[in-house]
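Got your viewer open? Load the model, switch to cartoon, and let's walk through it stop by stop.

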Amino acid sequence: MADDRALTKVLELRKKLEDDERGKWAESLKQIEAFDAQLKRLEDFKKLYLKELAGQKGSNLSVQHYLAYQGFIDRLDTAYERQLKVREDLKKRSEILRQKYLTARQDRRIIESLLEKHRQATLKAQSKAEARMNDEFVSARQARLLITDSDQYFLRIN
């Protein structure tokens with residue numbers, strides 16, 4: 001019984017750890033989603049800027065303006081590449097957090113199965129004890145009946 005109380009306490013701690021790990025993993029997925037949205041905005045901004053540059057080519061665009069456009073587009077590309085690297089790092093971190101969550105969930109399930117085995121063993125022991133008591137009761141009753149019958153037999157003989 002004390003083992004069950006200890007396992008129950010461990011189970012509570014495992015559930016809390018599992019919830020914490022699930023929360024961390026969910027947060028990392030939100031961060032990846034936010035980064036995806038940011039990357040999309042950068043991509044859309046670059047497309048808009050390229051479209052504006054293409055519209056300016058028909059007019060007299062000075063070399064200086066063209067270089068400014070091209071420099072800005074290059075900076076957008078650099079920022080996009082950096083963001084991709086950060087996103088990949090976030091994905092790796094998210095996978096690590098997912099693995100931690102799965103491990104915590106597995107640990108919780110192990111404790112639950114141990115508790116269930118203890119519960120089943122307790123029920124089996126109680127069932128055996130009850131069967132033994134019933135057997136003893138029946139044996140005692142039969143013995144009393146035999147004694148009563150033998151007493152009656154001796155009374156008839158005498």
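We'll start with the whole chain and then select a few residues at a time.

**The whole chain.** Keep in mind that this is a predicted model. In cartoon view you should find 2 helices and 0 strands in the protein chain. The radius of gyration is 39 Å, well over the 15 Å that the globule rule gives for 158 residues, so the chain is more spread out than a compact globule. Put a box around the C-alpha atoms along the principal axes and you get roughly 145 × 25 × 15 Å. Switch on a surface: about 12,500 Å² is exposed, with carbon and sulfur atoms supplying 56% of that. Of the 158 residues, 16% count as buried. As for contacts with a separation of 6 or more, 84% are between residues 24 or more positions apart.

**D36 and R87.** Select these two and show sticks. Their side chains meet in a salt bridge, at 2.2 Å from N to O. This pair ties together distant parts of the chain, with D36 in helix α1 and R87 in helix α2, 51 residues apart. D36 is partly exposed at 31% relative accessible area, while R87 is buried at 16%. Now add E88: R87 also has a salt bridge to E88, at 3.7 Å from N to O. E88 is partly exposed, with a relative accessible area of 38%.

**The salt-bridge network.** Which residues are joined into one network by salt bridges that share partners? Select E18, D19, R22, R108 and E112. Zoom in on D19 and R22, whose side chains meet at 3.2 Å, N to O. They sit 3 residues apart in helix α1, so about one helical turn separates them. The structure holds 13 salt bridges, if you want to hunt for others.

**E21.** Next, pick E21 in helix α1. Is there a salt bridge here, or none? None: E21 is buried, and the nearest side chain of opposite charge, K24, is 4.2 Å away. A salt bridge needs the nitrogen within 4 Å of a carboxyl oxygen. Leaving out residues up to four places away in sequence, E21 touches K100, Y101 and A104.

**The nonpolar patch.** Color V63, Y66 and L67 on the surface; together they form a nonpolar patch with about 300 Å² of accessible area. Y66 belongs to helix α2, residues 63-157, and is partly exposed at 33% relative accessible area.

**A ruler for helix α2.** Last stop: A121, also in helix α2. Draw a distance from its C-alpha to that of L146 and you'll read 37 Å, for 25 residues of sequence.

Terms used:
Residues numbered from 1 in each chain as written. Predicted model: local features only at pLDDT ≥ 70, side-chain atom pairs only at ≥ 80, totals over all residues. Heavy atoms only, no water. Patch = residues over 30% accessible without salt bridge, like charges linked within 9 Å, V, L, I, M, F, W, Y side chains within 5 Å. Areas by Shrake-Rupley, 256 points an atom, 1.4 Å probe, with all protein chains shown as cover. Helix = DSSP H or I, 4+ residues; strand = E, 2+ residues; numbered from the N terminus. Buried < 20%, exposed > 50% of the residue type's maximum accessible area, 1.4 Å probe, protein only. Lys, Arg positive; Asp, Glu negative; His and termini not counted. Contact = heavy atoms within 4.5 Å. Rg over C-alpha atoms; globule rule 2.2 N^0.38 Å.
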